[in-house]
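I opened this entry to keep track of what I looked up, going from one helix to the core and then to the whole chain.

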Amino acid sequence: MTRMEPMNRYDVDWHGYWPASPTPFTADGELDESGLRELMELYVANGVHGILVNGSTGEWFSQSPDERRRVAETAVEAVAGRTTVVVGVSAYTAAESGALAKHAEAVGADGVLATVPPYAHPSGAEALEFYRRVSSASALPFMVYNWPRGVAVDLARVPGLMPQLAALEQVAAIKDSTGDWIAMLDTLEATVEQVRVFGSFIHHRGLAVLLGLGGDGAIDGGGIGAPYGVPFFDAVAAGDRELATFWLEKYRAISGRLINPDYSGVFASPVPQLKAAMRLLEQPGGQVREPLLPLADPRALDDIAQILRDGGLLVPDEAGQVVL
């Protein structure tokens, strides 16, 4: 499908706090569709502004194409239009990504997202051509995902590339997880008038940027910080710096102790660490799937539980038992 004019930031209302949803698996490694539906309900109940499924946190790399389609179908059906659902379609070729994008459109997703192919180390020209092909595979709004930790290529550091990506016909947003905050600001400054920009904003410097230069939201692995991230972005939208500061400090008390600046986990790989925290919170994150291994170190689990308690998410009752 072609458009008379290129898509831009005003064609979508993508903003605020989004969880990058994990994909729940059972103890024997099967896709847990019931758990995924329960997780979508939790996110909607938390008032999130959007949900990403089948991204890096969703362990797309360990799923079959059929499972990825089932995840997309299940999530879209469960959310039922109550918030935005964007489907990750990262893959090793544009043809694979494009087929997943077509499926996401067919099942009613609101948009699609992809990194460049892992392992390939594409040049700037190759990345631009990849995104040209994948973003035009469906009529859905497209989000470019810069994820150097996962693909070993930092699109934000390729001179002039981000504005070219933002100018592609279907591109409406960029998720910039560069780990280099100054490079992210360069992306923001160069593209914010064209597309929605999601990045690392839930901290004092990020708040100053949001209220000045601009920026649209954050996509947070797993969303355990939703009770604080959602009202943070609501306060930003209202221009209430004092209230936004209150919520960001609560958020940082958790996220800043679990995730390093390069988006690695403090206690384990990010997804096993996330799912361990979700189990402590009795949230339906499910198990990880190979090649990832569950976090089982008792000391690490105790440390995570203490962080969740310090952050006010995990509260002991009068008998000393942990309750939500």
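I began with the buried face of H10. The model is a predicted one. In H10 I found Ala244, Thr245, Trp247, Leu248, Tyr251, Ile254, Ser255 and Leu258 buried. An α-helix has 3.6 residues a turn, so residues three or four places apart point the same way. I then looked up what covers the buried residues of H10: the cover includes strands S1 (16–20) and S8 (217–221), and also helices H8 (204–210), H9 (226–237), H11 (270–280) and H12 (298–310).

Next I checked the length of H10. The helix runs over residues 241–258, which is 18 residues. At 1.5 Å a residue the expected span is 26 Å, and the end C-alpha atoms are 25 Å apart, so the two agree. I also looked for a bend and noted one of about 35 degrees at Arg252. At the N-terminal end, H10 is capped by Asp240, with a side-chain oxygen 3.4 Å from the backbone nitrogen of Glu242.

I turned to the nonpolar cores. The largest has 87 residues, and those that touch the most other members are Met40, Tyr131, Leu155, Leu165, Ile224, Phe232 and Leu308. H9 supplies the largest share of this core, seven residues. There is a second, separate core of 15 residues, with Met7, Ala20, Ala173 and Phe198 among them.

I followed up Phe232. Leaving out residues up to four places away in sequence, Phe232 touches Phe201, Ile202, Leu207 and Leu210, as well as Ala244, Trp247 and Leu248. The last three are also on my list of buried residues in H10.

I then looked at a polar residue, Gln170. Is Gln170 buried or exposed? Its relative accessibility is 3%, so Gln170 counts as buried. Gln170 sits in the loop between helix H6 (161–166) and strand S6 (171–176). I searched for a polar partner and found the backbone oxygen of Ala139, 3.1 Å from a polar atom of the Gln170 side chain.

Last, I took the totals. The protein has 12 helices and 10 strands. Of its 324 residues, 55% are buried. The C-alpha trace spans about 65 × 45 × 35 Å along its principal axes. For 324 residues a compact globule would have a radius of gyration near 20 Å; the protein has 19 Å, so I noted agreement. Among contacts between residues at least 6 apart in sequence, 69% join residues at least 24 apart.

Key. Residues numbered from 1 in each chain as written. Predicted model: local features only at pLDDT ≥ 70, side-chain atom pairs only at ≥ 80, totals over all residues. Heavy atoms only, no water. Helix = DSSP H or I, 4+ residues; strand = E, 2+ residues; numbered from the N terminus. Buried < 20%, exposed > 50% of the residue type's maximum accessible area, 1.4 Å probe, protein only. Polar contact = N/O pair within 3.5 Å; in protein donor to acceptor, adjacent residues only side chain to side chain. Expected span 1.5 Å × (residues − 1). Bend = angle between axes of the 7 residues up to and from the residue. Contact = heavy atoms within 4.5 Å. Core = buried A, V, L, I, M, F, W, Y, C linked by side-chain atoms within 4.5 Å. Rg over C-alpha atoms; globule rule 2.2 N^0.38 Å.
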